[in-house]
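Please explain how this protein chain is organised, taking the reader through its main structural features in turn. A formal account in running paragraphs is requested.

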Amino acid sequence: MVRQDALRLRCPKDWKLEAGAMEYTGSQYIGEFVDGRMEGDAEYILPTETKYVGEMKDGMFHGQGTLYFPNGSRFDAVWEKGLVVKGTYTFSDGLQYNTENWHYCDSYDRRFYTEICYGLKPAGISQLTNMDPPRKIPPGCYDCGDGFYNPNTRIVKDYKYRFLRNADDDEHEWIVRTCRKGLDETTGPEPQS
């Protein structure tokens with residue numbers, strides 16, 4: 001639903017409108033309407049700050065379009081009636097996901113993308129994440145790739161500490177099993193009293 005005060009009528013007989021804030025979804029649409037539906041070249045901004053820039057038809061992503069994610073990654077795709085026909089995902093550091101022969105950080109090649117681009121560190125200096133130095137994780141929490149996860153509250157917050165989602169049982173188990181954890185206890189020798 002688009003607030004009427006956010007619209008500017010461009011061509012009354014064709015129902016072409018430019019829109020602003022969407023009252024019920026919290027999204028924002030900048031583009032044209034045809035017969036009361038979002039259609040043409042447009043920009044659609046979700047409340048999560050993910051932004052779609054591209055073609056729309058009958059209120060759906062249709063044609064060439066790109067999703068820009070708040071973390072800096074993007075998904076360039078061809079859409080048909082809201083569904084992806086083909087697309088390419090590019091991480092914020094420039095690494096492109098390849099659906100075939102994907103060997104990034106797997107058992108064949110354990111290097112991070114920055115190590116592939118800039119070389120390995122000298123012996124004895126480990127790189128724990130693609131980001132070097134790695135993010136400081138709050139005590140007792142996990143870095144799950146798009147934010148920090150607190151296993152006690154089962155909430156994932158982004159790296160600016162804004163709510164992202166509640167983790168279900170499967171995600172909780174995966175994060176605890178595979179993700180890097182912030183220390184919640186002292187490591188190493190304890191001081192003598």
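Is Ser27 buried or exposed? In this predicted model, Ser27 is buried, because its relative accessible area is 4%, and the cut-off for a buried residue is under 20%. Ser27 is found in the loop that runs between strand E2 (16-18) and E3. Across space, the C-alpha of Ser27 lies 8.7 Å from the C-alpha of Thr48, although 21 residues separate the two in sequence.

The wider setting may be described next. The chain has 193 residues, of which 27% count as buried. Its secondary structure comes to 2 helices and 13 strands. Of the contacts with a separation of 6 or more, 12% are made by residues 24 or more positions apart.

Among these elements, 6 strands form an open sheet, in which the order is E3-E4-E5-E6-E7-E8 and the pairing is antiparallel. At the edges stand strand E3 (28-34) and strand E8 (83-90), each of which pairs on one side only. On average, neighbouring strands of this sheet are turned by 10° against each other, with direction ignored. As a general matter, the strands of a sheet pair through backbone hydrogen bonds, in either a parallel or an antiparallel sense.

The sheet can be followed strand by strand. E4 and E5 run antiparallel and are joined by 6 bridges; within this pair, Gly40 has Met56 in E5 as its bridge partner. The hairpin of E4 and E5 has 5 residues between the strands, and Glu49 takes a positive phi near 75° there. This positive value occurs in a residue other than glycine. Glu49 lies in the loop between E4 and E5, and it is classed as partly exposed because its relative accessible area is 46%, with the partly exposed class lying between 20% and 50%.

E5 in turn pairs with E6 in the antiparallel sense, over 6 bridges, and Val53 stands opposite Thr66 in E6. Here the hairpin has 2 residues between the strands, and Asp58 takes a positive phi near 55°. E6 (residues 60-68) is then joined by 6 bridges to E7 (residues 74-80), and these strands run antiparallel. In this pair, Gly65 stands opposite Ala77 in E7. Ala77 also stands opposite Gly87 in E8. E7 and E8 run antiparallel and are joined by 7 bridges; they form a hairpin with 2 residues between them, where Lys81 in the turn has a positive phi of about 50°.

Which residues make up the largest nonpolar core? This core has 12 residues in all: Tyr29, Phe33, Met38, Ala42, Tyr44, Tyr52, Met56, Phe61, Leu67, Phe75, Ala77 and Trp79. The elements that give two or more residues to this core are E3, strand E4 (37-45), strand E5 (51-57), E6 and E7. Apart from it lies another core, of 7 residues, among them Cys144, Val156, Ile175 and Cys179. In soluble globular proteins, nonpolar side chains tend to be buried together.

Several residues named above thus have two roles in this description. Met56 belongs to the largest core and is the bridge partner of Gly40, while Ala77 belongs to that core and stands opposite Gly65. Trp79, another member of the core, touches Tyr52, Phe61, His62, Gly63, Gln64, Gly65, Leu67, Val84 and Val85, when residues up to four places away in sequence are not counted.

What is the volume of the largest pocket? The volume is about 1,600 Å³. The pocket is lined by 38 residues, and those that lie nearest its centre are Asn71, Arg135, Gly145, Asp146 and Tyr159. Strand E12 (163-166) and helix H2 (169-178) are the elements that give two or more residues to the lining.

A last feature concerns another loop. Arg154 has its place between strand E10 (148-150) and strand E11 (155-157). Its phi is near 60°, which is a positive value in a residue other than glycine. Is Arg154 buried or partly exposed? Arg154 is partly exposed, because its relative accessible area is 27%, whereas a buried residue would fall under 20%.

Terms used. Residues are numbered from 1 along each chain as its sequence is written. This is a predicted model: local features need pLDDT of at least 70, side-chain atom pairs count only at pLDDT 80 or more; totals for chains, interfaces and linings use all residues. Side-chain values use heavy atoms; hydrogens and water are left out. Two strands pair if DSSP finds at least two bridges between them. Helices (H or I, at least four residues) and strands (E, at least two) are DSSP runs, numbered from the N terminus. Axes are lines fitted to C-alpha atoms, for helices over the stretch in contact, and angles run from 0 to 180 degrees between N-to-C directions. A nonpolar core is a set of buried Ala, Val, Leu, Ile, Met, Phe, Trp, Tyr and Cys residues joined through side-chain atoms within 4.5 Å. Buried means under 20% relative accessible area, exposed over 50%, partly exposed in between (1.4 Å probe, protein chains only). Contact means heavy atoms within 4.5 Å. On a 1 Å grid over the protein atoms alone, a cavity is a set of points where a 1.4 Å probe fits but cannot get out, and a pocket is an open set with protein on both sides within 12 Å along at least five of seven lines; lining residues have an atom within 4 Å of a point. Grid points are joined across faces, edges and corners, and a volume is the space filled by probe spheres set on the points.
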